[in-house]
Amino acid sequence: MKIYPIIHQNFKLDGGAMFGVVPKVIWQRTNPADEDNLIDMTTRSLLIEDGNQLILIDTGMGNKQSDKFFSYYKPTKLNSFDETLKKYGFHRNDITDVFMTHLHFDHCGGSIVRNDKGFYEPAFKNAKFWSNKKHWEWAVHPNPREKASFLKENILPIEESGQLNFIDTPENGREIHSGDLKFDIIFVDGHTEKQMLPKIEYKGKTLVFMADLLPTTGHIPLPYVMGYDTRPLITMEERQEIFNKAAEENWLLVLEHDPYHEICTLKKTEKGPRLDKIYTFEEIFN
């Protein structure tokens, strides 16, 4: 197995929304805001080469939305996904599986493209797209709070293509093993219904792709919950359980939205889980 990190684009989000009830005077120490109160974010994916499978975890925002849409998020550093794949020796048609942690636009927008005729179609024609049924139903019948994040043009074409597949959700516990995708999944419900965090054993180490449970290193203290979360108290419980286990077992936490830090580890303190060390993929896996 080999794992490659991929950056799609940097963008900006409102700092207050990203930190919920935490005062700006505190969160701006780790995530400084610009004159519009926006903080720097990124969209980081993982590409996993495992035998005959080439698995892409999340796909960024994509580029098919309108200029007005992107004006809200000010995307920069627009990397060519195809050029990045080429650097690693792949083509997008080589991707066999697209695993979507959840269906918010900044995590799945790159799954669908607009073709030359103006129609929406999957960006990876040979891939199976993976979600879970509970989250899918949540996304296609969105609540008012999340409606702006669940864009039908990112979601419905996947089902219409016949490439959509569902991973079973556990009745008890939070971790399962999926034989098709060859990694464990941690299900969390605070941010959105049945968000999926891949937990991967790689070169003797445990990687966990944190998606929106831990967007940046600035969000490590347990109460630093995003205003976007639908069930913030559940988020805090999930973070406490997972962060403590990460500290105990020295998990490497892959940060999907942190533009400056790829991987971090945690430690236990009297004040709760805190940042221990920061790494790059290169430092750990060369």
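**Figure 1. The lining of the largest cavity in this predicted model.** Sorted by class, the residues around the largest cavity are five nonpolar, two polar and three charged. They are Asp212, Leu213, Pro215, His219, Tyr224, Val225, Met226, Asp229, Thr235 and Arg239. The cavity that they enclose has a volume of about 40 Å³. If you go looking for others, note that the structure holds one cavity of 30 Å³ or more. Keep Tyr224 of this lining in mind, as we meet this residue again in the next view.

**Figure 2. An aromatic pair between Phe19 and Tyr224.** The count of aromatic pairs comes to 15. Here we show the pair of Phe19 and Tyr224, which is edge-to-face, with 6.2 Å from centre to centre and 80 degrees between the planes. Phe19 belongs to helix 1 (residues 15-19), while Tyr224 sits in the loop between strand 12 (205-209) and helix 8 (232-249), so this pair ties together parts that lie 205 residues apart in sequence. Are the two partners buried or exposed? Phe19 is buried, at a relative accessible area of 0%. Tyr224 is buried as well, at 17%, because the limit for a buried residue is under 20%.

**Figure 3. An aromatic cluster that includes Phe105.** Five residues come together in this one cluster: Phe69, Phe70, Tyr72, Tyr73 and Phe105. Two of these names return in later views: Tyr73 is among the contacts of Phe11, and Phe105 is one of the residues nearest the centre of the second largest pocket.

**Figure 4. Phe11 and its surroundings in strand 1.** Phe11 lies in strand 1, which covers residues 2-14. With a relative accessible area of 1%, Phe11 is buried. Which residues does Phe11 touch, once its neighbours within four places in sequence are left aside? The contacts are Ile39, Asp40, Met41, Thr42, Thr43, Met61, Tyr73, Lys74, Pro75, Asp106 and His257. For a sense of scale, the C-alpha atoms of Phe11 and Glu121 are separated by 24 Å, with their positions 110 residues apart along the chain counted as the sequence distance.

**Figure 5. Ser45 in strand 2 and its link to Asp58.** Ser45 is found in strand 2 (residues 38-50). Its relative accessible area is 1%, so Ser45 counts as buried. What does the side chain of Ser45 reach at 2.7 Å? The partner is the backbone oxygen of Asp58. Beyond its neighbours within four places in sequence, Ser45 is in contact with Tyr4, Pro5, Ile6, His8, Leu56, Ile57, Asp58, Thr59, Gly60 and Phe209.

**Figure 6. Gly110 in the loop between helix 5 and strand 5.** Gly110 has a relative accessibility of 13% and therefore counts as buried. Apart from neighbours within four places in sequence, the residues in contact with Gly110 are Thr59, Gly60, Met61, Gly62, Ala123 and Phe124. Thr59 and Gly60 also appear among the contacts of Ser45, and Met61 among those of Phe11. From Gly110 to Leu56, the C-alpha atoms are 11 Å apart in space, and the two residues are 54 apart in sequence.

**Figure 7. Helix 7 and the elements around its buried residues.** Helix 7 runs over residues 152-161, and its buried residues are Glu153, Asn154, Ile155, Pro157 and Ile158. Against which elements do these buried residues pack? They meet helix 5 (105-108), strand 5 (112-114), strand 6 (120-122), strand 7 (128-131), helix 6 (133-140) and strand 8 (164-166). Just after the helix, look for Gly162, with a positive phi of about 80 degrees.

**Figure 8. The largest pocket.** The volume of this pocket is about 410 Å³. Its lining has 20 residues, and those nearest the centre are Gln9, Gly62, Asn63, Asn79 and Phe81. Strand 1, helix 4 (81-88) and strand 5 each give two or more residues to this lining. By class, the lining holds nine nonpolar, nine polar and two charged residues.

**Figure 9. The second largest pocket.** This pocket has a volume of about 290 Å³. Of the 18 lining residues, His104, Phe105, Asp106, Ser149 and Tyr228 lie nearest its centre. Two or more lining residues come from each of strand 1 and helix 5. The lining divides into nine nonpolar, five polar and four charged residues.

Note on methods
Residues are numbered from 1 along each chain as its sequence is written. This is a predicted model: local features need pLDDT of at least 70, side-chain atom pairs count only at pLDDT 80 or more; totals for chains, interfaces and linings use all residues. Side-chain values use heavy atoms; hydrogens and water are left out. On a 1 Å grid over the protein atoms alone, a cavity is a set of points where a 1.4 Å probe fits but cannot get out, and a pocket is an open set with protein on both sides within 12 Å along at least five of seven lines; lining residues have an atom within 4 Å of a point. Grid points are joined across faces, edges and corners, and a volume is the space filled by probe spheres set on the points. Ala, Val, Leu, Ile, Met, Phe, Trp, Tyr, Cys and Pro count as nonpolar, Asp, Glu, Lys and Arg as charged, and the others, Gly among them, as polar. Buried means under 20% relative accessible area, exposed over 50%, partly exposed in between (1.4 Å probe, protein chains only). Helices (H or I, at least four residues) and strands (E, at least two) are DSSP runs, numbered from the N terminus. Contact means heavy atoms within 4.5 Å. Rings of Phe, Tyr and Trp (its six-membered ring) pair if their centres lie within 6.5 Å; planes under 30 degrees apart count as stacked, over 60 as edge-to-face and the rest as tilted. A polar contact is a pair of N or O atoms within 3.5 Å; within protein, one must be able to donate a hydrogen and the other to accept it, and residues adjacent in sequence count only if both atoms are side-chain atoms.
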